[in-house]
Amino acid sequence: MKIRSIIIIIWFIGLSSTTSAQEYPIDKKAVIISGSGSLLSQGGDLYEGFEKGRATIINVSPTINYFILKHLFIGAGFDFYQESQRNINNNLFGIGPQIGYAFGGPDGRVFPYIDMGFRYYSSKQYYGGIVSDLKRSGSDAVFGFGVIVPVKTHIGILFEGGYHIIRLKNKVYDIGNSGNTLSIGLGISGLLFTPE
């Protein structure tokens with residue numbers, strides 16, 4: 001519910017910021033709101049773990065980017081990750097700034113981009129609906145790339161990838177862990193610009 005409210009507020013901010021005409025989706029003052037996600041269901045001996053049940057993983061990653069100049073954007077990224085297996089649920093929420101550069105012109109059929117950013121993460125584990133001692137927080141340095149393929153004037157398909165350097169620390173036991181992730185995703189983009 002909290003994530004849905006944040007996305008709706010950002011959507012209205014994005015709509016209100018497109019007051020002047022732009023030639024194309026990556027022109028100055030244009031806004032791109034994107035979202036990608038994944039759903040995994042894992043079973044069998046390989047994934048049963050301690051709880052001996054099927055694991056379900058949901059990942060949702062919305063972003064909003066505002067073009068301060070042609071091709072150059074700043075924005076914010078959000079991440080929500082939930083893993084559940086019988087009585088155990090792990091929730092991870094991340095938010096942070098990003099900057100990037102998009103390629104293409106007014107007649108472009110695709111808009112490739114590169115970006116980098118930072119996310120602050122907060123994680124909680126629930127066992128039988130009760131918060132456990134495994135509360136972690138940390139950071140994620142993100143280096144991304146992708147391409148937006150417009151399918152309508154204001155809607156595009158998003159293909160994206162990223163490399164994440166993640167560091168999380170247990171708040172109670174003062175134990176830290178780090179790792180890296182290579183991700184590939186598919187999503188949809190809202191291209192908020194006003195053609196002349």
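1. Of the 196 residues in the protein chain, 35% count as buried. Keep in mind while reading that this is a predicted model. The accessible surface of the chain comes to about 11400 Å², and 62% of that belongs to carbon and sulfur atoms.

2. On the overall layout: the secondary structure comes to 1 helix and 9 strands. Going along the sequence, you get the pattern α-β-β-β-β-β-β-β-β-β. Contacts reach far along the chain, too: taking those between residues at least 6 apart in sequence, 58% join residues at least 24 apart.

3. Now the strand pairing, starting from S1. Strand S1 (31-42) pairs with S2 in the antiparallel sense, over 12 bridges. If you want landmarks on screen, look for Ser-34, which stands opposite Thr-63 in S2, and for Gly-35, whose bridge partner in S2 is Pro-62. S1 is also joined to strand S9 (residues 176-192) by 6 bridges, and these two run antiparallel as well. There, Ile-32 stands opposite Leu-191 in S9.

4. S2 carries on to S3. The two run antiparallel and are joined by 11 bridges. One pair to pick out is Asn-65, with Gly-75 as its bridge partner in S3. S2 and S3 form a hairpin with 4 residues between them.

5. Two backbone angles are worth a look. Most residues other than glycine have a negative phi. His-71, in the turn of that hairpin, has a positive phi of about 80 degrees. His-71 sits in the loop between strand S2 (55-67) and strand S3 (72-85). Is His-71 buried or exposed? At 16% relative accessibility, His-71 counts as buried, because the cut-off for buried is under 20%.

6. The second angle is at Lys-29, where phi is near 75 degrees, again a positive value in a residue other than glycine. Lys-29 belongs to the loop between helix H1 (2-16) and strand S1. With a relative accessibility of 33%, Lys-29 counts as partly exposed, whereas His-71 counts as buried.

7. Next, the inside. The largest nonpolar core has 13 residues. Which residues have the most contacts inside it? They are Ile-26, Ile-32, Phe-67, Ala-102, Tyr-113 and Ile-148. Ile-32 has come up already, as the residue opposite Leu-191 in S9.

8. Tyr-113 deserves a point of its own. Leaving aside its neighbours within four places in sequence, Tyr-113 is in contact with a string of residues, among them Phe-73, Tyr-101, Ala-102 and Phe-103. Further along the sequence, its contacts include Phe-145, Gly-146, Val-147 and Ile-148, and also Leu-158, Phe-159 and Glu-160. Two of these partners, Ala-102 and Ile-148, are named with Tyr-113 among the core residues with the most contacts.

9. On to the aromatic rings, where the count comes to 3 aromatic pairs. One of them is Phe-73 with Tyr-113, an edge-to-face pair at 6.5 Å centre to centre, with 75 degrees between the planes. This pair links distant parts of the chain: Phe-73 is in strand S3 and Tyr-113 in strand S5 (residues 111-127), 40 residues apart. Both Phe-73 and Tyr-113 are buried. Together with Phe-67, they form one aromatic cluster.

10. Another pair is Tyr-101 with Phe-103, also edge-to-face, at 5.0 Å centre to centre and 70 degrees between the planes. Are these rings in buried residues or exposed ones? Neither, as it turns out: Tyr-101 is partly exposed, with a relative accessible area of 34%, and Phe-103 counts as partly exposed at 39%. Both residues are among the contacts of Tyr-113.

11. Last, a polar residue on the inside. Asp-79 is in strand S3, and at 12% relative accessibility Asp-79 counts as buried. What does its side chain make a polar contact with? The partner is the side chain of Arg-119, at 3.5 Å. Not counting residues up to four places away in sequence, Asp-79 also touches Val-60, Ser-61, Leu-92, Phe-93, Gly-94 and Tyr-121, with Arg-119 on that list too.

Definitions and conventions:
Residues are numbered from 1 along each chain as its sequence is written. Side-chain values use heavy atoms; hydrogens and water are left out. A nonpolar core is a set of buried Ala, Val, Leu, Ile, Met, Phe, Trp, Tyr and Cys residues joined through side-chain atoms within 4.5 Å. Buried means under 20% relative accessible area, exposed over 50%, partly exposed in between (1.4 Å probe, protein chains only). Contact means heavy atoms within 4.5 Å. Rings of Phe, Tyr and Trp (its six-membered ring) pair if their centres lie within 6.5 Å; planes under 30 degrees apart count as stacked, over 60 as edge-to-face and the rest as tilted. A polar contact is a pair of N or O atoms within 3.5 Å; within protein, one must be able to donate a hydrogen and the other to accept it, and residues adjacent in sequence count only if both atoms are side-chain atoms. Two strands pair if DSSP finds at least two bridges between them. Accessible areas come from the Shrake-Rupley method with a 1.4 Å probe; for residues, only the protein chains shown count as cover.
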